[in-house]
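Please open the structure in the viewer and keep the selection panel at hand. The tour moves from single residues to pairs of helices and back.

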Amino acid sequence: MNDNRPIIAANWKMYKTPQEGHQFAQELAIKALNLTGVRFILFPSATGLFHILEALKDSSVEFGGQNMHSASEGAFTGETSASMLLACGCRWVIIGHSERRHIFHETDADLCAKIPAALDAGLNVILCIGELLEERQAGSTEEVLRQQLQDDLAGMESFPVERLVIAYEPVWAIGTGVVATPEQAGEAHARVRVILQELFPDLPVERVRILYGGSVKSANAAQLIKIPGIDGFLIGGASLDIDQYVKIAEISQIETKVKL
Ligand code: PGA
């Protein structure tokens, strides 16, 4: 069955100790009982995963890792494998977040190896893509999105739409307080769908979930989630505060009902 509920994903980055994450997850598990119209996914740091598993054992709230290595195991100091994430109860992993690309210099070739490794191991993937400010200003947003999708998904003949979600995150909007306008976000999401159809002619692109990320807050969530083709959010800063995060979920639940 298709799960069309908006995905409200929290990318905690390098914030929250395992104990802080545990407390947040326990509170969220209770609040989520009244918010069955959205799908919550938490992405704590790797050290907090086991605590999250414990806090969410009877909850519908899902969780995952912020990154993983493509190899199943090996001499890779500081890295985490898909099987380690799975053993901590993860169902998801974020691949290609802009901070991984730009601060840690992960290449499209690295990401291209990680995606099938994650899917084959049984993890669902959120693949992040998005243009830099100078790329947008140069008018090359579409070209950048095409190149990232083409290179990151190279070698795949198709993909399971329920298990590979795209997050469009314009780099200039991440952590800056500058959010894409609904027009900019809507247009980028539509482009992504067209590009995916070109790359995978048989893919049911209307069923691909595309999240928006970049300075999402409760104050701008309604105008974004209203846009056709925006299927949820990947939230950084505002997801650290449970009230903000839950508010965004409430807004998304209400607005999605109106949209359908
Ligand atoms: P932000 O981060 O919401 O703090 O802009 C989004 C992200 O990095 O996924």
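The stops below each give a selection to make and a description of what is found there. The model is a predicted one.

**Stop 1: strand β2 and Ile-41**

Select residues 39–43, which form strand β2, and then Ile-41 within that strand. Is Ile-41 buried or exposed? Its relative accessibility is 0%, and Ile-41 therefore counts as buried, the limit being under 20%. Display next the residues that Ile-41 touches, leaving out those up to four places away in sequence: Ile-7, Ile-8, Ala-9, Ala-10, Glu-62, Phe-63, Trp-92 and Tyr-245. For a longer reference, add Ala-238, which is 197 residues from Ile-41 along the chain, with 14 Å between the two C-alpha atoms.

**Stop 2: the loop that holds Ser-60**

Move to Ser-60, in the loop between α2 (49–55) and β3 (62–65). Ser-60 has a relative accessible area of 58% and is therefore exposed, as the value is over 50%. Select Gly-37 as well: Ser-60 and Gly-37 are 23 residues apart along the chain, and their C-alpha atoms are separated by 11 Å.

**Stop 3: helix α3 and Leu-85**

Select residues 82–87, helix α3, where Leu-85 is found. Leu-85 counts as buried because its relative accessibility is 1%. Which residues surround Leu-85, leaving aside its neighbours within four places in sequence? The contacts are with Leu-49, Gly-65, Asn-67, Met-68, Thr-80, Cys-90, Val-93 and Leu-123. A distance label from Leu-85 to Leu-240, drawn C-alpha to C-alpha, should read 21 Å; the two residues are 155 apart in sequence.

**Stop 4: helix α5 against helix α7**

The next stops concern helix pairs. Two packed helices are described by the angle between their axes and the distance between the axes. Select α5 (residues 108–121) together with α7, the latter being residues 141–152. The axes of α5 and α7 come within 8 Å and cross at roughly 50°. The two helices are therefore oblique to each other. To see the contact, show Asp-108, Leu-111, Cys-112 and Ile-115 on α5, and Gln-147, Gln-148, Asp-151 and Asp-152 on α7. Coloured by class, the contact of α5 with α7 comprises three nonpolar, two polar and three charged residues.

**Stop 5: Thr-141 in helix α7**

Remain on α7 and select Thr-141, which lies in this helix. Thr-141 counts as buried because its relative accessibility is 12%. Not counting residues up to four places away in sequence, Thr-141 touches Glu-131, Glu-135, Arg-136 and Tyr-168.

**Stop 6: helix α7 against helix α8**

Keep α7 selected and add α8, residues 182–199. At what angle do these two helices pack? The angle is about 45°, and the axes are 10 Å apart. α7 and α8 are therefore oblique to each other. The crossing of α7 past α8 is right-handed. Show the side chains of Glu-142, Leu-145, Arg-146, Leu-149 and Gln-150 on α7, which meet Ala-188, Arg-191, Val-192, Ile-195, Leu-196, Glu-198 and Leu-199 on α8. In this contact of α7 with α8, seven residues are nonpolar, one is polar and four are charged.

**Stop 7: helix α9 against helix α10**

Select α9, residues 218–225, together with α10, residues 242–259. The axes of α9 and α10 come within 9 Å and cross at roughly 20°. α9 is therefore roughly parallel to α10, since angles under 35 degrees count as such. This crossing of α9 and α10 is right-handed. On α9, display Ser-218, Ala-221, Ala-222 and Ile-225; on α10, their partners are Gln-244, Lys-247, Ile-248, Ile-251, Ser-252, Glu-255, Thr-256 and Lys-259. The contact of α9 with α10 divides into five nonpolar, four polar and three charged residues.

**Stop 8: Thr-256 in helix α10**

Finish on Thr-256, which lies in α10. Thr-256 is buried because its relative accessible area is 10%. Where does the side chain of Thr-256 reach? It reaches the backbone oxygen of Ser-252, at 2.6 Å. Not counting residues up to four places away in sequence, Thr-256 touches Pro-6 and Ile-225.

Notes. Residues are numbered from 1 along each chain as its sequence is written. This is a predicted model: local features need pLDDT of at least 70, side-chain atom pairs count only at pLDDT 80 or more; totals for chains, interfaces and linings use all residues. Side-chain values use heavy atoms; hydrogens and water are left out. Axes are lines fitted to C-alpha atoms, for helices over the stretch in contact, and angles run from 0 to 180 degrees between N-to-C directions. Helices (H or I, at least four residues) and strands (E, at least two) are DSSP runs, numbered from the N terminus. Angles under 35 degrees count as roughly parallel, over 145 as roughly antiparallel, 65 to 115 as roughly perpendicular and the rest as oblique. A crossing is left-handed if the near helix is turned anticlockwise from the far one by less than a right angle, and right-handed if clockwise. Contact means heavy atoms within 4.5 Å. Ala, Val, Leu, Ile, Met, Phe, Trp, Tyr, Cys and Pro count as nonpolar, Asp, Glu, Lys and Arg as charged, and the others, Gly among them, as polar. Buried means under 20% relative accessible area, exposed over 50%, partly exposed in between (1.4 Å probe, protein chains only). A polar contact is a pair of N or O atoms within 3.5 Å; within protein, one must be able to donate a hydrogen and the other to accept it, and residues adjacent in sequence count only if both atoms are side-chain atoms.
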